[in-house]
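Let's walk through this protein together, from its overall fold down to a few single residues. Keep the viewer open as you read.

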Amino acid sequence: MSTPDFERAEYVEPSIIDGNTGYVVGSARASNAALPLALVYGMGAAIVGAIGYAIIGLSGFMVSIVTIGIGWLVAKAMMTATKGVGGRKYQIAAVALTYLSASCGRLIDILYEVHKEGYSLSQVSPVFIVKYSLFGPFLRLTNDLGWGLMGLLILFYGLRTAWQMAAGAPGFGQPGGPRMTVMGLRR
């Protein structure tokens, strides 16, 4: 039997067991177990975000501001599914879903404009559609540098919101737990 070394102290993270999965909250195993459910919730939120983006885009308002709401919605849905378990995989998924949601919203706007101009979809190049839906924020820089930079800044903030929220924390969204504010995740 060895004697304890009182000259040196080591910090050990306290273990919190998730009642649903039985895994230690914040562990890689808990993170991997909840990822599929988080992706399903995140995809549902991304679809709702794309529809909202398209509706606001068709109304004529600056739609890039909606990306912040999409980022919040996607990450909130993912963290709701996992009860606050997050991590790098969740952050990457939330950012990708947020960007794809905004791109699909732009795609709906583009298809509406093509239809409104009297063209059929067979007359429009798929390259054109993909180019302007996926890379629209960057292409706007060539037309108007000021508004293009503003749109990219707002897009970045929306993606940053998704990234920060999807980092997760035990108790996220519960009373007394960490919450997302305008300035980021607060404990």
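Helices and strands here are DSSP runs, with at least four residues for a helix (H or I) and at least two for a strand (E), numbered from the N terminus. On that basis, the protein has six helices and two strands. Please keep in mind that this is a predicted model. If you trace the chain along its sequence, the elements come in the order α-α-α-α-α-α-β-β.

A few overall numbers help to set the scene. The protein has 187 residues, and 38% of them count as buried. Among contacts with a separation of 6 or more, 63% join residues that are 24 or more positions apart. The accessible surface comes to about 11500 Å², and carbon and sulfur atoms account for 67% of that area.

Now let's go inside. The largest nonpolar core has 21 residues, and those with the most contacts inside it are Tyr53, Val74, Met78, Tyr90 and Ala94. Helices α1 (28-58), α2 (66-82) and α3 (88-116) each supply at least two residues of this core, with the largest share, seven residues, coming from α2.

Tyr53 is a good residue to select next. Leaving aside residues up to four places away in sequence, Tyr53 touches Val63, Ser64, Val66, Thr67, Ile70, Ala102, Gly105, Arg106 and Asp109. Tyr53 also helps to line the largest cavity, together with Ser64, Thr67, Arg106, Pro137, Arg140, Gly148, Gly151, Leu152 and Leu155.

How many cavities of 30 Å³ or more does a search of the whole structure find? The search finds one, and the largest cavity holds about 60 Å³ of space. Helices α5 (136-143) and α6 (145-165) each give at least two residues to its lining, and α6 provides the largest share, with four residues. By class, the lining of this cavity divides into four nonpolar, four polar and two charged residues.

From the cavity we can turn to the largest pocket, which has a volume of about 360 Å³. This pocket is lined by 13 residues, of which Arg106, Ile110, Tyr132, Gly136 and Arg140 are the closest to its centre. The elements giving two or more residues to the pocket lining are α3, α4 (126-134) and α5. Five nonpolar, three polar and five charged residues make up that lining. Arg106 and Arg140 are worth highlighting in your viewer, as both appear in the lining of the largest cavity and among the residues closest to the centre of the largest pocket.

Two serines round off the tour. Ser101 is found in helix α3. Is Ser101 buried or exposed? Its relative accessible area is 2%, so Ser101 is buried, the cut-off being under 20%. Not counting residues up to four places away in sequence, Ser101 touches Ala46, Gly49, Ala50 and Ile70. Ile70 is also one of the residues that Tyr53 touches.

Ser103 lies in helix α3 as well. With a relative accessible area of 3%, Ser103 counts as buried because it falls under the 20% limit. Beyond residues up to four places away in sequence, Ser103 touches Ser133 and Leu134. Ser103 and Tyr132 are 29 residues apart in sequence, and their C-alpha atoms are 8.7 Å apart in space. Tyr132 brings us back to the largest pocket, where it is among the residues closest to the centre.

Terms used. Residues numbered from 1 in each chain as written. Predicted model: local features only at pLDDT ≥ 70, side-chain atom pairs only at ≥ 80, totals over all residues. Heavy atoms only, no water. Buried < 20%, exposed > 50% of the residue type's maximum accessible area, 1.4 Å probe, protein only. Contact = heavy atoms within 4.5 Å. Areas by Shrake-Rupley, 256 points an atom, 1.4 Å probe, with all protein chains shown as cover. 1 Å grid on protein atoms, 1.4 Å probe; cavity = no way out; pocket = protein on both sides within 12 Å on 5 of 7 lines; lining within 4 Å. Points joined across faces, edges and corners; volume = space filled by probe spheres on them. Nonpolar A, V, L, I, M, F, W, Y, C, P; charged D, E, K, R; others polar. Core = buried A, V, L, I, M, F, W, Y, C linked by side-chain atoms within 4.5 Å.
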